[in-house]
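Got the viewer open? Here's a walk through the model, one selection at a time.

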Amino acid sequence: MEGMRIVLAGQPNSGKSTIFNAVAGYRAGTANFPGSSVSYTLSRAMVLGREVNIVDLPGIYSLTSTDAAEREALTYLLENDPDVIVNVVDATRLGRSLELTLQLMDLGKPMVVALNMLDEARRKGIDIDDRALAASLGVPVVPTIGRRGQGLKVLFREALRAGLSQIVPASPVYDNEVERAVAQVERKLEPAWKAEPVPARFFAIKAIEGDPEVIERLRTRVPGIEVIVEQAAAGLEKAHGWTADQVVSGSRHAVAHEIEDRVAVFHRGRVGWREMADRVLLHPVTGGPLMALILFSFFYAVFGLGKHIEDPLVAMFDGLGAWVASVLPPATLAGTVAKGVVMGVSGGVAIVLPYLIPFLLGLAILEDTGYLPRMAYILDNLMHRMGLHGKSVVPLMLGYGCSVPAVMATRILESPRDRRITTALTVLIPCSARTTIIYAVVGAYMGAGWAFLVYILNLVVVGGLGTLLSSRMKGRAPGLILEIPDLRLPAAKTLLAKTWLSLREFIVIAWPLLIGSSAVLGVLEWAHGSGVVNELLSPLTVIVLGLPAVVGVTLIFGILRKELTVLMLIQAIGTTNIAAALSPAQMMTFTVFVVFYIPCVATIAVMLREVGWKDTTWISAMTVVIATVLGVAVRFAFALF
Amino acid sequence: MKGAWMTTLERIEIGRRATVVEIVGGAGVRNHLNTLGIHVGDTIRVVERAPFHGPVLVEIHGTRVALGRGVARKVTVTEGAEAARTGGPGSGRGYR
């Protein structure tokens with residue numbers, strides 16, 4: 001079979017993406033929190049000398065859609081007809097994971113179970129008999145430890161074999177009443193269901209569970225089916241005294257846990273460092289202060305490290321710039337382009353990378369240890385005061401890395417209202433590009449305290465705006481429901497791979513753009529074009545914000561990528577010594593304005609896709625207003641004190 | 001499950017166990033809790049309670065889940081482990 005399609009499906013945080021990355025190279029972002037993959041990733045890979053397509057689905061707790069990620073996974077499974085499903089099961093949560101396994105078995109596709117995270121299960125005192133599990137399910141089971149690559153070869157060999165043989169697992173059997181109700185609906189569907197890839201049984205079960213999307217799908221195919229579904233559901237409710245969805249999911253729960261009881265033995269697990277750490281990290285008294293301490297040290301470590309590397313590099317590149325200027329005078333076209341290129345290169349190496357690398361590494365550590373969901377837990381009641389709940393903390397924290405994945409991460413929120421508000425707030429969070437600007441301008445020339453103040457100001461604005469938007473919009477989510485995964489020591493290899501993935505983004509996309517823009521700016525200056533732009537923007541830059549006119553053109557470039565503002569600024573003033581052109585008040589005004597104003601092009605693009613053009617427009621307009629108001633406020637605050 | 005003392009998950013002290021009797025509220029919350037392994041008849045242990053009406057951290061089948069107070073209030077429970085081990089759809093052994 002040419003180009004067999006293997007789909008990895010499993011519950012959130014079961015290690016699917018880790019297995020995917022082990023086979024496909026590091027492409028899917030992994031982290032230690034549920035919902036770190038919110039869309040699917042596709043890759044070609046060689047498995048035992050065959051080329052196959054591997055799809056990493058977002059983590060799903062069940063095949064009933066409760067959030068955007070689950071809807072996406074379900075739609076993919078129903079519409080793309082995979083050749084094999086590799087169901088990644090977290091061995092430490094066997095019973096719960098099997099509830100998804102049972103649902104996947106109803107899809108009527110060849111399947112292999114990867115019994116993953118066996119090392120962690122052993123640590124928790126859980127022994128699982130994988131042969132007994134395979135016998136109970138009637139599906140091949142391969143023990144794996146994805147993080148160390150153990151068992152993956154066997155896993156994919158089994159997957160290929162299952163895909164070639166096309167042996168489909170038998171459907172699980174639920175209790176008598178459920179089976180009777182399912183049969184009742186299935187019988188009605190059958191005549192219209194001959195050539196369908198997914199069996200009628202699957203749809204019958206989901207319809208009885210009351211999944212509105214499935215019922216809608218069925219209605220178009222078999223008119224009047226909803227009456228039969230209602231009858232079947234009513235029968236179940238009468239027999240059990242519970243709503244039909246609870247009876248079905250309860251029955252599945254019972255089957256799953258019965259299998260678990262049969263194949264797993266629980267010993268008393270050790271109370272390890274994880275448990276002890278959580279007692280302190282989540283303690284009512286120590287949890288909050290520790291979080292503040294962790295974030296504060298993160299900030300200072302990145303700043304200290306970055307500054308250490310930046311200073312000698314800047315001195316070196318200033319020397320290089322002066323030498324280039326002496327060889328090719330800046331007044332000539334060649335000279336001005338050469339100057340632009342040198343500035344572009346040096347800006348990337350000397351100003352962006354020293355802060356970007358430690359920052360990305362630090363963020364990767366926060367993500368991989370599993371601290372983010374703990375922050376959601378600690379900050380839940382604060383977020384409630386804003387009218388949101390703790391889960392919004394995850395996209396907001398990711399926003400410190402890059403707004404693009406952060407906006408996508410809002411998919412983990414259940415209510416559309418919460419998604420819209422969180423999206424608006426996420427784009428205001430200073431991403432790593434803006435962090436570079438804060439550190440390289442305010443931090444480097446005015447001191448770390450001032451840089452810290454920018455972050456505090458930012459949080460105050462985000463908090464205030466969140467409260468305001470929440471009070472205006474209806475449809476509040478019921479509250480926080482979030483799995484808190486075990487703490488984990490991050491693997492150095494994954495941390496580096498992850499940092500590299502983000503860094504490569506900068507080197508491959510941003511840097512060429514940076515150097516190109518520098519050269520363009522050089523030509524613009526030579527042709528006196530930038531003067532026109534600066535002139536046009538001067539009402540805002542000079543009159544309102546009190547900045548030198550040369551920053552005008554930098555703000556335009558900044559829409560492409562935020563780093564460009566500071567790099568263009570350096571080029572426009574002709575030295576990496578920003579203090580030569582801007583007073584401290586101007587540095588602060590400039591930085592605050594740049595942090596808040598219009599999201600970059602990539603963010604606008606992802607917002608258009610995630611929340612639509614209306615929300616994108618008002619959010620972007622709002623950021624410009626906020627940036628201007630704050631810029632003016634900072635300007636006059638400095639004038640007064 | 002009648003005679004036993006009914007309260008909500010919000011009120012259970014740290015370190016105590018409780019058995020789920022009912023999940024009130026819409027199908028959305030119920031589904032979400034079900035998928036995380038919380039069903040009627042299951043025993044839950046309260047691990048931690050955040051201050052100032054913050055969320056409750058519970059342990060269920062070896063998994064830890066944070067539930068906002070609003071959600072915890074929707075989970076009716078009886079204190080103790082095996083009190084309501086009969087009858088509910090998730091109570092397991094009564095099935096099949």
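A quick word before the first click: the domain bounds used here come from an automatic or database domain assignment. Keep in mind, too, that this is a predicted model.

**Stop 1: colour chain A by domain**

Select residues 4–165 of chain A for domain 1, 176–266 for domain 2, and 287–480 plus 493–640 for domain 3. Now put a centroid on the C-alpha atoms of domain 2 and another on those of domain 3 of chain A: the two centres are 50 Å apart.

**Stop 2: the sheet within chain A**

Show chain A as a cartoon and look for an open sheet of six strands, ordered 2-3-1-4-5-7, with mixed pairing. Its edges are strand 2 (41–47) and strand 7 (141–143) of chain A, each of which pairs on one side only. From one strand to the next, the twist averages 25°.

Zoom in on strand 2 of chain A and its antiparallel partner, strand 3 (50–56) of chain A; seven bridges link this pair. For a landmark, pick A:Leu42, whose bridge partner in strand 3 of chain A is A:Val55.

Next, add helix 6 (152–165) of chain A, which packs on the sheet. The strands that helix 6 of chain A touches are strand 1 (4–10), strand 2, strand 3, strand 4 (84–90), strand 5 and strand 7 of chain A. Compare directions and you get about 165° between helix 6 and strand 5 of chain A. Helix 5 (130–137) of chain A is worth adding as well: it lies across strand 5 (111–116) and strand 7 of chain A, at about 160° to strand 7.

**Stop 3: two helix pairs in chain A**

Hide the rest and keep helix 18 (416–426) and helix 20 (448–472) of chain A. Their axes come within 10 Å and cross at roughly 155°. The cut-off for roughly antiparallel is over 145 degrees, so helix 18 of chain A counts as roughly antiparallel to helix 20 of chain A. The crossing is right-handed.

Which residues meet there, in helix 18 and helix 20 of chain A? Show sticks for A:Ile421, A:Ala424 and A:Leu425 on the helix 18 side, and for A:Val462, A:Leu465, A:Gly466, A:Leu469 and A:Ser470 on the helix 20 side. By class, that contact has six nonpolar residues, two polar and no charged.

Now swap in helix 13 (287–327) and helix 19 (432–446) of chain A, whose axes come within 11 Å and cross at roughly 85°. That angle makes helix 13 of chain A roughly perpendicular to helix 19 of chain A. Helix 13 brings A:Phe303, A:Gly306, A:Lys307 and A:Glu310 to the contact, while helix 19 brings A:Tyr439, A:Gly443 and A:Ala444. The class split here is three nonpolar, two polar and two charged.

**Stop 4: where the chains touch**

Bring chain B back and select the interface: 38 residues of chain A are in contact with 39 residues of chain B. On the chain A side, the elements giving two or more residues are helix 3 (94–105), helix 11 (244–263), helix 15 (371–386) and strand 9 (481–484). Helix 11 of chain A has the largest share, with 10 residues. Colour this side of chain A by class and you'll find 13 nonpolar, 17 polar and eight charged residues.

**Stop 5: the sheet that spans both chains**

Which strands form the seven-strand open sheet, and in what order? Trace 9(A)-5(B)-4(B)-3(B)-2(B)-6(B)-1(B), with antiparallel pairing. Strand 9 of chain A and strand 1 (6–8) of chain B are at the edges, each with a single partner strand, so one side of each lacks a neighbour in the sheet. The twist here averages 40° from strand to strand.

Start where the chains join: four bridges connect strand 9 of chain A to strand 5 (63–67) of chain B, and A:Leu482 stands opposite B:Ala66. Further along, strand 3 (43–49) and strand 4 (56–60) of chain B share four bridges and form a hairpin with six residues between them. In that turn, check B:Phe52, which has a positive phi of about 50°. B:Arg49 has B:Val56 as its bridge partner in strand 4 of chain B.

Carry on to strand 2 (17–23) of chain B, which pairs with strand 3 of chain B over three bridges; B:Arg17 stands opposite B:Arg45 there. Finish at strand 1 of chain B, joined to strand 6 (75–79) of chain B by three bridges, with B:Met6 opposite B:Thr78.

Methods. Residues are numbered from 1 along each chain as its sequence is written. Chains are lettered from A and ligands numbered from 1 in the order in which they are written. This is a predicted model: local features need pLDDT of at least 70, side-chain atom pairs count only at pLDDT 80 or more; totals for chains, interfaces and linings use all residues. Two strands pair if DSSP finds at least two bridges between them. Two residues are in contact if their C-beta atoms, placed from the backbone, lie within 7 Å. Ala, Val, Leu, Ile, Met, Phe, Trp, Tyr, Cys and Pro count as nonpolar, Asp, Glu, Lys and Arg as charged, and the others, Gly among them, as polar. Axes are lines fitted to C-alpha atoms, for helices over the stretch in contact, and angles run from 0 to 180 degrees between N-to-C directions. Angles under 35 degrees count as roughly parallel, over 145 as roughly antiparallel, 65 to 115 as roughly perpendicular and the rest as oblique. A crossing is left-handed if the near helix is turned anticlockwise from the far one by less than a right angle, and right-handed if clockwise.
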